[in-house]
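Below are some notes for a colleague who has the model open at the bench. They are arranged as numbered points, each meant to be read beside the structure.

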Amino acid sequence: MWHATLRNLLAHKLRLALSGLAIVLGVAFVSGTMIFTDTLGKTFENLFASTSADVNVEPASAFDSGLAGTGEGTGAASTVPESLVDTVRDVDGVAAAAGFVRTEGVYVLDGNGNVLDTGGAPGIGISWEPDPDLSSSTLVDGRAPRGAAQVALDVDSAEKAGYTLGDTVTVLTTGPRVQAELVGTFSFGDSGGSAGASLAAFETRAAQELFGTPGQFSGIGISTADGIAEETVRDRVAAAIGDGYDVRTASEQAEALAGDFEEGLAFVETFLLAFAGIALFVGTFIILNTFSMLVAQRTRELALLRALGAGRAQVTRSVLAEALVLGIVGSTLGLAAGFGVATGLRSLFGQFGLTLDGGLVFATDTVLWSYAVGVLVTLMAAYLPARRAAKTPPVAAMRDDHVSVERSLRRRTVFGGVLTAAGVAAMVGAFIVQDDGTAASLVGVGALTLLLGTIALSPVIARPFLRGIGAVLPRLFGTSGHLARENAVRNPRRTAATASALMVGLALVSGFSIIGASTNASVDNSLDQSLGADYVVSTAVAAPFSAEIAQEIRVIDGVESVTQQRFGQAQLGGVQTSVSAVDAATLDSAFALDYLTGGTEGLRGEGLLVDEDTAASRGWSVGDRVEALLANGERVELTVGGVYTTNQALGLAVISLDTFTAAGGEALDRFVYVDVAPDVDAAAVRSSLKATLDAYPVVTLKDQAQFADEQKGQVDQLLMIINALLGLSVIIAVLGIVNTLALSVIERTREIGLLRAIGMDRRQLRQMIRLESVAISVYGAVFGLILGIVFGTGLVQALADQGISQQVIPGGRMLLFLAIGALIGVLAAVWPARRAAGLKLLDAIATT
Amino acid sequence: MTSVRDIPTQRVGVQAPPAARSVRLTKVFGEGDTRVVALDAVDVAFRAGQFTAIMGPSGSGKSTLMHCMAGLDAVTDGHAHIGDTELSSLNDRQLTMLRRDKIGFIFQAYNLLPTLTALENITLPMDIAGRRPDQAWLDTVIDTVGLRPRLNHRPSELSGGQQQRVACARAMANRPEIIFADEPTGNLDSKSGADVLAFLRRSVMEMGQTIVMVTHDPVAASYADRVLFLADGRIVDEMLSPTRERVLERMKAFDRQPEA
């Protein structure tokens, strides 16, 4: 007897460990995400909000770009005149004041002449401020740079590029190319992290010449005299220098920047938390599943308790207490595992160039949420089975065989049916509705409802589906196939819950791959339709670069036309809009434009071209006068000179380069388009173009196809990050299947013993469990793919007007996902199958 | 009355070639303080075409004897033979094949796979082996157990007696050399139990089946040709043509003499 007791206990320990694992995984993903996001936030905060000056003066901007922290400015190049520094210094209460220069588009080259990879983060040029009260940088090694021939780099960039003090460093500025001796390295902000951005510091005077404007500063930093409130100094300085400037205290500055930064980071955070939500959703299924099985297996034990006089509430409480303990232990372990997840995420993002140097940030919130989530979800998941357990009639203890009563699926059918119908209706609505915003939110709501509906319906569908696709199993694998199919359908709820985890993961993966494929196809298509130029010169991330490049290309023999394109923000008729700035003379040669009314001539002077959607939504037509507020606060009246059909490369609105420059737009190009004369040796022109651009490693020369590939590369990279994250939820799904199978094996120990006794060998037994696993995972995969296709196509349809005009379902990839689904089944079965095959025959038969 | 120890066990079943036999079969569980000798050098033979019942008090080793003879458990010492095959020389796979092809099993309960119909349960050993059942024989077996109308039902739709009859049919369907039954009526009411026992008796009489049945029920034992009595891992007595009363009488002797 002690033998059986011990075995039972051992089995319980395993069951407990398996359900604990589900909690650990769910919590690990949530806490990992939070730790990573906090770390990311801290790093960015350091980069953008670190400022140790007490009061700052910056040129006023007419409106927020809404894009701070992403490296995209408003396109304004406003500055503060040098003379203002003296005015500020004279203000009572100012201890020290100094102008500073800070510009993006300043890149560091490594020893091989390649641009240091910043992973999309900006390359920043700054002036070196010697006064520590005013500087946010701290020297780590060497000394401060002097003159234009000396430079200091941030520690990470110097290390990444392999530079040591005394080396000659090449810096590409928005102006000339600079060679300077590395004399110092410094850390930025409090933790020294720069989020991948490279920082190159020159002496203030040199910085102005190299990448600023002589006589002008980006802003002024002020330290206050002891005993005087920052606010007092702020007000005095503001009064002294007059309008046109923003004067902020350190905390106001931090807040303003933090506001911008949060907006920029909100996307990443939402994105990651969405994945945590998915992980938790998936984890909840596993926990729920596990507890249902645990309680079902303990029916006799619980019935015995009831027979001995335990009340219903006591039984419920005892199960819940167990869940509580399990939840707390699981959450604690999950929290610890979250560090692993965060480390993994950090190295994943590191792969894409976003290096986070500071230590992982472990906030109180993370702890609270982890426990809240882990314990609450476990209690929730345990509640239903606990109530069911309490209803176990005491007589069940006396029965040999605990027949698990199959509960009716009618409520499920109705509930799931209603949800699914609502989801389908929302999706159909998204196809009909004209407005993009409404369509996108309809797709979102529809996708969620449809997902929940399918999950609810899933046990109802499981039986016919598995019988259907399972029909081949007996034919291919004989008895083990037959038994596997029967086992998979014997508890549809359990099968469905197990498959749901995989379903959710694959629905998202396949949905995203449809969006990715459609986006790529659209890029091809739209570039074909919108570009007229032979070559495009740009950086990989549309970062600004020196206008000198366009000048040099212009003088190459055989080049017919060169078109510069700049970007900025403007308020057109009161609505903030991204605008392109292009020279009217070469507009037609760079872009394939199709005018509905008006034409390129309408851009000349103070003209404005808009695309058909913008014209329609604002009610503009050719000849209308539109009041424009440019980023530096200048107001101009523009005349609509043409309306063109949607053009991917140009965007919503175009103003002339003259207007842009006159309004203080930054003098940096984002794209340069090159047309080659028809009757010259194209290869020769290409090689001279290449030779010229060799001096500017920031930019590359691309023909249309290469340009399209580069754009698609970015989509693919984003997809890779998304898929890597979704991969985590798939891993959880795999563990969920392992969990369910392992518990099933325990539950069917006796049956397995019987099969072995009457002559099933271990190989057949393993195959039986493997096939059951594959049947379940294929079930999840098929419905995941169906949902993914619905979500993907729905979203692509909703985004049709945003430029995703092509609807592509990558069939090969869908089949690959299905194959991966089957493979997951095989993998998940390895351990449970081995366990089943390893059962001691007699013990198995003796198990009750 | 003869003393238990006076029965020479060597005398048992020597004339015909036995369907199964053991030679000094010994099984020891545990080690040191927990060491228990479950079978103590047992020599036994089961003649083909005979229905043998093994009886004895709890812990006498009757189930262990069956498990070792049927290749379900490894022996500590000595030998067990099914026909000409010596079991200890077989590996796990060969043992599995032996069980599948030459032995039929009937357990006390949980004999059937709940996911399969009665018919599928009956043909399961042949399905596992990938063989077609002999249809004429299968029909005979099914008709003998009287289950034809319930063949497409699942175990949960059958009574306990019907389930055991399905288990009997499964054990028979493969024409095994020997059937081992472990308390086949232990979970049944007396009417259902009688049905099952009558069926086992008939299969021996009419089909020449060899059956070894472990039981503690004198009524069940009375259906057998021969009863072996086990106590403390040894065969202590044998009875041919048993009746309920004689078996009961013999069992009482165990109660009166709770000796070593």
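1. A convenient place to begin is the residue that follows helix α1 of chain B, where B:G71, just after the helix, takes a positive phi of about 75°. Please keep in mind throughout that this is a predicted model.

2. Helix α1 of chain B covers residues 62-69, and seven of its eight residues are buried, so the helix is largely enclosed by the rest of the structure. The buried residues of α1(B) are B:K62, B:T64, B:L65, B:M66, B:H67, B:C68 and B:M69.

3. Does the length of helix α6 of chain B, or what surrounds it, deserve attention? Both do, and the length comes first. For the 18 residues of α6(B), residues 190-207, a rise of 1.5 Å a residue leads to an expected span of 26 Å, and the end C-alpha atoms are 25 Å apart, which agrees with that expectation.

4. Within α6(B), the buried residues are B:S192, B:G193, B:V196, B:L197, B:F199, B:L200, B:R201, B:S203 and B:V204. Among the elements that cover the buried residues of α6(B) are the strands β3 (51-55), β6 (103-106) and β8 (211-214) of chain B, together with the helices α4 (135-145), α5 (160-173) and α7 (218-221) of chain B.

5. The two ends of α6(B) can be described separately. At the start of the helix, a side-chain oxygen of B:D189 reaches to within 3.1 Å of the backbone nitrogen of B:K191, while just after the helix B:G208 takes a positive phi of about 70°.

6. Turning to chain A, its fold comprises 23 helices and 26 strands, and 54% of its 848 residues count as buried. Among the contacts in chain A between residues at least 6 apart in sequence, 82% join residues at least 24 apart.

7. In chain A, helix α21 (residues 762-798) packs with helix α22 (residues 811-838) at an angle of about 150°, and their axes are 7 Å apart. That angle makes α21(A) roughly antiparallel to α22(A), since angles over 145 degrees count as such. The crossing of α21(A) and α22(A) is right-handed.

8. Is A:D679 buried or exposed? A:D679 is exposed, with a relative accessible area of 68%, and its place is in the loop between β25 (671-676) and α18 (682-693) of chain A. The C-alpha atoms of A:D679 and A:G558 are separated by 8.4 Å, although these residues are 121 residues apart along the chain.

Notes:
Residues are numbered from 1 along each chain as its sequence is written. Chains are lettered from A and ligands numbered from 1 in the order in which they are written. This is a predicted model: local features need pLDDT of at least 70, side-chain atom pairs count only at pLDDT 80 or more; totals for chains, interfaces and linings use all residues. Side-chain values use heavy atoms; hydrogens and water are left out. Helices (H or I, at least four residues) and strands (E, at least two) are DSSP runs, numbered from the N terminus. The expected span of a helix is 1.5 Å times one less than its number of residues. Buried means under 20% relative accessible area, exposed over 50%, partly exposed in between (1.4 Å probe, protein chains only). Contact means heavy atoms within 4.5 Å. A polar contact is a pair of N or O atoms within 3.5 Å; within protein, one must be able to donate a hydrogen and the other to accept it, and residues adjacent in sequence count only if both atoms are side-chain atoms. Axes are lines fitted to C-alpha atoms, for helices over the stretch in contact, and angles run from 0 to 180 degrees between N-to-C directions. Angles under 35 degrees count as roughly parallel, over 145 as roughly antiparallel, 65 to 115 as roughly perpendicular and the rest as oblique. A crossing is left-handed if the near helix is turned anticlockwise from the far one by less than a right angle, and right-handed if clockwise.
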